[in-house]
Amino acid sequence: MLGAGTEDHLIRERRLRGIAAALLAGAALVASARALRLARAGPALDAHGERAWFAWALQSPAVPPLLSRAAGELRPGEAVWIAVLDPSLDPGWVRVMALYTLSGQCVVGAGRGVPSSGISRVELLPGARLRVVRRVG
Amino acid sequence: MNLEILRFASGAGLLVLLGRAASRGRVRGLDPGELALDGAIGLSLAAPAALAWLVLGMPLPPRVLAGAEAAAAIFLLFARRTGRFRADPSSAPEDSRLAARVSALLAFGAFAVCVWKWARVPLWSWDHFAIWGVKARRLFPLSSLDTTTLHSFGLRVSNPNYPLGLPLVWRLLALGEPGTGAFRASHGLFALGALFALRAGTRRATGSALLANALAGALCVSPLFWDSEALGLAEMPLAFLAVASAALLLGLRHPPGRPEWAAGVTIGYLAWIKQEGMVLACLLLLAGVGILLASRAPGRLRAKSVAALVLPAIAVAGAGAALWRLLLPPGLGFFVGDWPARGLARLRSPMALWKALAHELLAGDWLGLW
C-alpha cells in the first residue's frame, strides 16, 4: 500500500520521464533528418543566420586564401596597402578580411587606387588573381 | 596543422587541469561533466591572471604560459589535499541503465551531426572577422598586449569597447595565435562543454539521466548549435560558462562539493566574454544566493557561503570592468539609458513583451526546422 505522498512522487516521476522521452524523440527526429540531408546534399546553410548573412559576410570566398598567400611574401610588421583592383570586390569588406588575415602585417588601408607613397601593396586583380608589390629601398 | 592540434589539446588540457587542481584538490575521476566544470573554472582563473601579467607589460610566450599553468596546477594539486568531492550526489529517480544509455547515445548522435556540419562549412561570420577573431589575432603581437590599434581608425568597425575575455581565452587554448583550426576546435570544445555541463547540472537538479540526456539532445538541435553563424563568435562560450556556472551553483546544494568561490569566478568571468554576460552574471548570482540562503546550514555558515560566492564574482567582474575602462576606448556602455523606466514600461504592458518573445522563439527558422 503506497502513501499519498509516494503516489504523487511516482506520478511526478512518470510525467518527468514522459517529457524527457518526448523531448529526446523530437531531438532524435530532427537530428536524423539533418544527418540524412547532410549525407545526401552537404551543408545547405539555410539556418536563420546563414540565410540572412552568409552571402554578404563571405561575399568572395577566394579573397581570404589569396590574402593568406600574400602574407607569406611580406615581412612581419611590414606596412601594406591593399589595392582592390577587381571592381567586383567591396574595398571595405576587403579591408576587414585583410586586417584579419594579414595579422602579422600593418594593414594601413584598402581602396581602389594605388598610393603614390611607394608603400608595399597587395593587389587584388580580376579573376581572383593576386600581385604583391614590395616597397623598393 | 598537427602542431596546431597538439597545441590546442595542450592548452585545453592545462585549463582543465588548473580548474580541477584549484577547486577539487586531489580527487580522481574523469566524469565528462566534472571535466567541463574544471575547464570553466580553469579558464576563469587563468585568463584574468594572464591579462594582469600582460597589462604589467610582461610578455607571455606560449612556453611560459603553459609552464605557468602547469606549475600552478601542480602546486594547487599538492597544496589542497583536503575536501573530498562527491561526484554525483543526487538521490532522485534513477532511470534504468538501458534508458540512460540509449538516451545518451541519441544525445551524442545529435551532437555528432553538428560536428559533421561544423567540419564542412567555412568559418564565415562577419562578426568573427571584424570583431572577435581579429582581436585574438592582432592584439597580442609577440605574446604581449597591444591595444593601441583599438584606439586607431583601423579597427573602428570592431566594437573596440567590447570586453577582451574571449580573444584572450582563444589565445590560452591555442597557446599562441589562433588559426582557423583553433577557432573551430574551440567552438566544438565549448559546445561539448555546454553539453556536459547541462547534463551534470540536470542530473544534480533532478537525478534523472534520461532528462539530462533529453535536454542535451534538445540543446544539440537548437539554432545555437546548428546555425554555423555562431562559429567563431561569443555566444557558444557564453552559453558554456553560463551553463557551467548554473551546474556549479546546483552543486552547492549538496555539500561537500566544490567550493563556492569556484561558481563565483565562473559567474564573474561571464562579464569578460560579452557585455550581455553581466546580466547573466547578475541573474546567476541572485540564484546562487537564493540556493545558499535556502540551505539548512546555521546562519553564520550561510552568510560565509554567500560571501564566498559573491565576493569572487564581484572581484572578477569588477576587475574586468576596471581593466576595460583602462585599456579600451570608450563606447556605448551596456547599461546606458534609463533602465528602471524601461523595465517599468515593460512591466506595465507585459503582453507586448511576451508577444515579441513568442514571435522570436516560435518562428520556424529559429527552431532550426528548415
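## Helix α7 of chain B

Just after α7(B), L175(B) takes a positive phi of about 50°. This is a predicted model, and that angle is a value computed from it.

The helix before L175(B) spans residues 165-174 of chain B. Is α7(B) mostly covered or mostly open? Mostly covered: 10 of its 10 residues are buried. The run starts with G165(B), L166(B), P167(B), L168(B) and V169(B). It goes on with W170(B), R171(B), L172(B), L173(B) and A174(B).

## The largest nonpolar core

The largest nonpolar core has 131 residues. Which of them touch the most other members? They are I82(A), V122(A), F190(B), F225(B) and Y269(B). Helix α2 of chain B, residues 32-55, gives the most to this core, with 10 residues. Chain A takes part too: domain 1 (4-44) and domain 2 (59-133) each supply at least three residues.

Now look at F225(B). Set aside its neighbours within four places in sequence. F225(B) is then in contact with F111(B), C114(B), W118(B), A191(B), L219(B), C220(B) and M236(B).

Another core lies apart from the largest one. This core has 5 residues, among them A20(A), L24(A), L210(B) and A214(B).

## A buried serine in a loop

Where is S143(B) found? S143(B) sits in the loop between α5 (126-138) and α6 (148-151) of chain B. Why does S143(B) count as buried? Its relative accessibility is 19%, and buried means under 20%.

Leaving aside neighbours within four places in sequence, S143(B) is in contact with L54(B), P59(B), L60(B), P61(B) and P62(B).

Technical notes
Residues numbered from 1 in each chain as written. Chains lettered and ligands numbered in written order. Predicted model: local features only at pLDDT ≥ 70, side-chain atom pairs only at ≥ 80, totals over all residues. Heavy atoms only, no water. Core = buried A, V, L, I, M, F, W, Y, C linked by side-chain atoms within 4.5 Å. Buried < 20%, exposed > 50% of the residue type's maximum accessible area, 1.4 Å probe, protein only. Helix = DSSP H or I, 4+ residues; strand = E, 2+ residues; numbered from the N terminus. Domains from an automatic or database assignment. Contact = heavy atoms within 4.5 Å.
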